[in-house]
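Reader: I'd like to go through the aromatic contacts in this one. Can you put it up?

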Amino acid sequence: MEPLSFQEYICSLDPATLPRILRICSGVYFQGSVYEISGNECCLSTGDLLKVMAVALQKVICEDTVTGRTKELPPTFKGEQGCPPPWAQPPCPTGFFQPAPAPGSNPTLRTPFLGGGQWGLTLHQALGRCNGQPQPLLCPAIGPHTLLLHPVYEVQAAMHLRRDVVKIPSTLEVDVEDVTEEAQHVHFARPLLLSEVLRMEEALPAQAEILEGPGGPAIFESAWVSRLQRGQRLHLHGRSPAWRVLASAPSSGRHFLLSSAYQGRFRRRPRQFTGVQELAAGLRPGQRLHVVVTQDCEGRGDDVPPLGVGDRLEAQRLQGSGPGTRLLCHRHGGEEEDGEELLLPLDLGGGFVEEMCDGKKYGLAELLDQQPLPCEVRVVAADPGLERDALGALPALRLEARLDQPFLVGSFCQEPEEGFEIPPRWLDFSLLLSEGSVRSPAPCTLRCRVEELTEAFYYRLLAQLPGSAAPPPPRPPKRTQQGMSPGRCHPTAPRSLTAGACLAPPLPPLPALPQPSTSKQYGRRRAPRDAGTDSDNGEHDYETVDDDIQKTIRKMQAVFPF
């Protein structure tokens, strides 16, 4: 097939023969150019292949051959009813098209074009009989002159290594040739997102090549995340069966994601509560909570007695509803005293710590069955499968929530035995699956049992928990000036000088102080006018250094001793 312009080819294309494969031959994009189609950038180069999937009429440019003016017609054009032209044989609606009569021809000879005694053609019928070349037509609804119809189609095509179907106007100035017959074996590879692969478990295991690495801020501190770059080849083995637990270490500010495969052992730590509201939230159905008061709390009249440090309470259940809800507690008395029942309002302050005598060591799954989250624990036995368990050295660990986010097990083709687990919904990127089945043994995923999270991602996860009122991330410490202590606005005196410290240069010597002696140095002072003496009748010498000057000298001597 000889190359045709894209417009000519699409206008002569029979939709029943789709799909068709075209090769770009030449045009304004001869050497390849990036242009925008339907809001997406696309690049066409000589030799590129297009797989035409569908063609839809977008609009029709109607050209008046006498005046040269053009008018756009929508695909639904039907015109309006009106008086038929005198040449219409037989009369037809004004929105229909008929072939324009040739000069000196008989109007009845147009019936080979119309096909018998039809009144006329609709817009789509007229375009279908043009055979790719505009034919002179008449339409009373548009005007009295001969018209030429130039259709503009929207072509939906697939391209190699493009995820989406591109929509190309038929007026694109390129030449194409039809290579459908010789290109039957060509496979148009479509990139996928890792989140799409997650839903294609029947295609796994498979090999893949990363086309574009993950964007956005990092979520894991692990070294394998930085290797997810363009060109890296992966083994994707399948979905991981493990669930996760979000955890944090209050003492160090570190945050973790624990896999259900973690083999370390935990011991519960007593919970701490600030106020009665938190104490009530810590109750479990059918169980009572024993706590010790750690902060004095003032009472509220006769109904709410004060609470003192060391008081032992047994929180039992909530009573009432609405603003009048109270927490029923029993306060234990001394050895010779009886206890008493208390109804504590939920807005009462104070501090409480849980009483417990549980020395049992729990696995992660067993702990979550016995203890509601969040809770505080301590790792008393590290995971024996980990070379270095980061949780074993922490004094306390707060387990926030269980997460059932799906993970994919993967490994690098260069290191197939070392595996990792990727959360596609948090760490998504585009890749290209290789054809053919892959047989590879399951990799070792021990290092995935504990993943350290970045601080920003931890707070993002915390905010997404249902019913969570996640605190904002901590602010950075304020900058302190040299010689200023944090929270103060006056300089602090250094306690000692360390070796190598730089001392400030000494102050320059003060000039010699004036000596209070003669009147020549400071001049004479006149007597006040109200003293009864005339200003011209004699002058009196006075001390030239008054009290204010003497006070100033004393202050300077105190600050700058000589």
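Author: What follows covers ring pairs and charges over rings in this predicted model.

Reader: How many aromatic pairs are there?

Author: The structure has eight aromatic pairs. One of them is Phe77 with Phe97, a tilted pair at 6.1 Å centre to centre and 55° between the planes.

Reader: Why is 55° called tilted?

Author: Because planes under 30 degrees apart count as stacked and those over 60 as edge-to-face, and the rest are tilted.

Reader: What does the Phe77 and Phe97 pair tie together?

Author: Phe77 and Phe97 both lie in the loop between β6 (70-73) and β7 (98-99), so the pair ties together parts that are 20 residues apart in sequence.

Reader: Are Phe77 and Phe97 buried or exposed?

Author: Phe77 and Phe97 are buried.

Reader: Next, what is the geometry of Trp426 and Phe457?

Author: Trp426 and Phe457 are edge-to-face, with 5.3 Å centre to centre and 70° between the planes.

Reader: Where do those two sit in the chain?

Author: Trp426 is in the loop between β27 (415-422) and β28 (430-433), while Phe457 is in helix α7 (residues 455-464). The pair links distant parts of the chain, 31 residues apart. Trp426 and Phe457 are both buried.

Reader: Which residues do ring pairs link into a cluster?

Author: Phe220, Trp224, Phe412 and Phe420.

Reader: Different topic: which charged end sits over the ring of Phe412?

Author: That of Arg227, at 4.0 Å from the ring centre.

Reader: And what lies over the face of Trp243?

Author: Arg402, 4.2 Å from the ring centre of Trp243.

Note on methods
Residues are numbered from 1 along each chain as its sequence is written. This is a predicted model: local features need pLDDT of at least 70, side-chain atom pairs count only at pLDDT 80 or more; totals for chains, interfaces and linings use all residues. Side-chain values use heavy atoms; hydrogens and water are left out. Rings of Phe, Tyr and Trp (its six-membered ring) pair if their centres lie within 6.5 Å; planes under 30 degrees apart count as stacked, over 60 as edge-to-face and the rest as tilted. Helices (H or I, at least four residues) and strands (E, at least two) are DSSP runs, numbered from the N terminus. Buried means under 20% relative accessible area, exposed over 50%, partly exposed in between (1.4 Å probe, protein chains only). A charge sits over a ring if NZ of Lys or CZ of Arg is within 6 Å of the ring centre and within 35 degrees of the ring normal.
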